Amino acid sequence: MLAGMAVGRLLRGRPLSRLSQTVTLLVWLLLFFLGIEVGINPRILSSLHTLGLQALWITLGAVLGSSFCAWLLWRWVRMPQESGVSSRSLPAAGHPLRGSMVIIGFFALGAVVGCMGCAPSCLTDGPSSTCALVLLMACVGISVGHDTAILRSFRQLSPRLMLLPLLTVAGSLLGTAIVWFLLRQRDLGGSLAVASGMGYYSLSSIFLTEYRGAEWGTLALLSNVIREILTLTCAPLLLRLFGPLAPISVGGATTMDTTLPIISSTSGRMFIPLSVFHGFFTDFSVPFLVTFFAAL
């Protein structure tokens, strides 16, 4: 991303009309690779019929809780004279369901290809998804370096927005607790530990496997994979329903890397610095929160 910012700075004054289209294509490609990884993972596939529904309920509770808190924060700072951001400066949401369906289609196609075992070895064994992510981050960096108004817009944002990571954590835990109270699936400590993964499925599943066993580790893996997928596929819809902070809040720990491009194109490039700060803070909180709740 830093290298892209340097390139974007050198290209100031030159039009970059194809950059947004390139970002969109790379997002589709990354979702296709993610679908392949899910399709070839027997641990995920074998547990879908038993743990998938529980993981979905936990994730929906965390997503709705964090989205609601993000909406409250945006309502608090949305006054133009305080935040420097008015509704006119936000990107148009367009047709959120249509955009989400396209993204879901690429993920589903990748999952089908992975399940059928017809994916080339260069996609399953090679660093394809990593390369796509690196290119995405470079494109985001170019857009930041090329547009001098982004950092200027961020300086005009209310310092209250720095509360977003705290509200993301609080909303995720509160929403999960409400779902647990209504459904009483498993125990509260374990459910909160799963939600504390904040989309960081690899680390949270490792911790929960160590503390609670393989079943809880698989549940954490599924739940946090679903959270990342929901961010990538439903960001336009979240923007329409809860405001521009919702895609960032739902993205959790992934907003400084995997989900940053879709947040940039959906909420607006002015929120890139906030998204990186949010991802760093929530990423840092994952080991402490997961192990705390898992030990209860």
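Q: Why does D187 count as partly exposed?
A: The relative accessibility of D187 is 29%. Buried means under 20% relative accessible area, exposed over 50%, and partly exposed in between, with a 1.4 Å probe and protein chains only. The value for D187 falls in between, so D187 is partly exposed.

Q: What kind of model is this, and what are the rules for using it?
A: This is a predicted model, in which local features need pLDDT of at least 70, side-chain atom pairs count only at pLDDT 80 or more, and totals for chains, interfaces and linings use all residues. Residues are numbered from 1 along each chain as its sequence is written, and side-chain values use heavy atoms, with hydrogens and water left out.

Q: What makes R212 and D187 a salt bridge?
A: Their closest N and O atoms are 2.9 Å apart. The term requires a side-chain nitrogen of Lys or Arg within 4 Å of a carboxyl oxygen of Asp or Glu, so the pair of R212 and D187 qualifies. The count by this rule is one salt bridge.

Q: Where do the two partners of this salt bridge lie?
A: R212 is in helix α11 (residues 201-212), while D187 is in the loop between α9 (164-183) and α10 (188-195). The pair, 25 residues apart, links distant parts of the chain. R212 has 23% relative accessibility and so counts as partly exposed.

Q: How many helices and strands does the chain have?
A: The chain has 15 helices and zero strands. Both are DSSP runs numbered from the N terminus: helices are H or I with at least four residues, strands are E with at least two.

Q: Why is S66 called buried?
A: S66 has 0% relative accessibility, so the residue counts as buried. S66 lies in helix α3. Leaving aside neighbours within four places in sequence, S66 is in contact (heavy atoms within 4.5 Å) with T168, G171, S172, R227, S249 and V250.

Q: Which of the two words, buried or exposed, applies to L53?
A: L53 has a relative accessible area of 52%, so L53 is exposed. L53 is in helix α3 and is one of the residues of a nonpolar surface patch of about 970 Å². Other members include W57, L64, I178 and F181. The elements giving two or more residues to the patch are α3 (42-77) and α9.

Q: Why is L219 counted as buried?
A: L219 has 0% relative accessibility, so L219 is buried. L219 is placed in helix α12. The C-alpha atoms of L219 and L53 are separated by 9.7 Å, although the two residues are 166 residues apart along the chain. Not counting residues up to four places away in sequence, L219 touches L51, Q54, A55, I58, R186 and V194.

Q: What share of the chain is buried?
A: Buried residues make up 50% of the 296 residues. Of the contacts with a separation of 6 or more, 82% are between residues 24 or more positions apart.

Q: How do you know which elements to trust least, going by the lowest mean pLDDT?
A: The predictor's confidence in each residue, pLDDT, runs from 0 to 100. Helix α4 (residues 80-83) has the lowest mean among the elements, 42, and helix α13 (residues 246-251) the highest, 96. Over residues 79-97 the pLDDT is below 50. Where pLDDT is low, the predicted coordinates should not be read in detail. For the chain, the mean is 81, and 85% of residues reach 70 or more.

Methods
Patches are made of residues with over 30% relative accessible area and no salt bridge: like charges are joined within 9 Å, nonpolar side chains (Val, Leu, Ile, Met, Phe, Trp, Tyr) within 5 Å. Accessible areas come from the Shrake-Rupley method with a 1.4 Å probe; for residues, only the protein chains shown count as cover.
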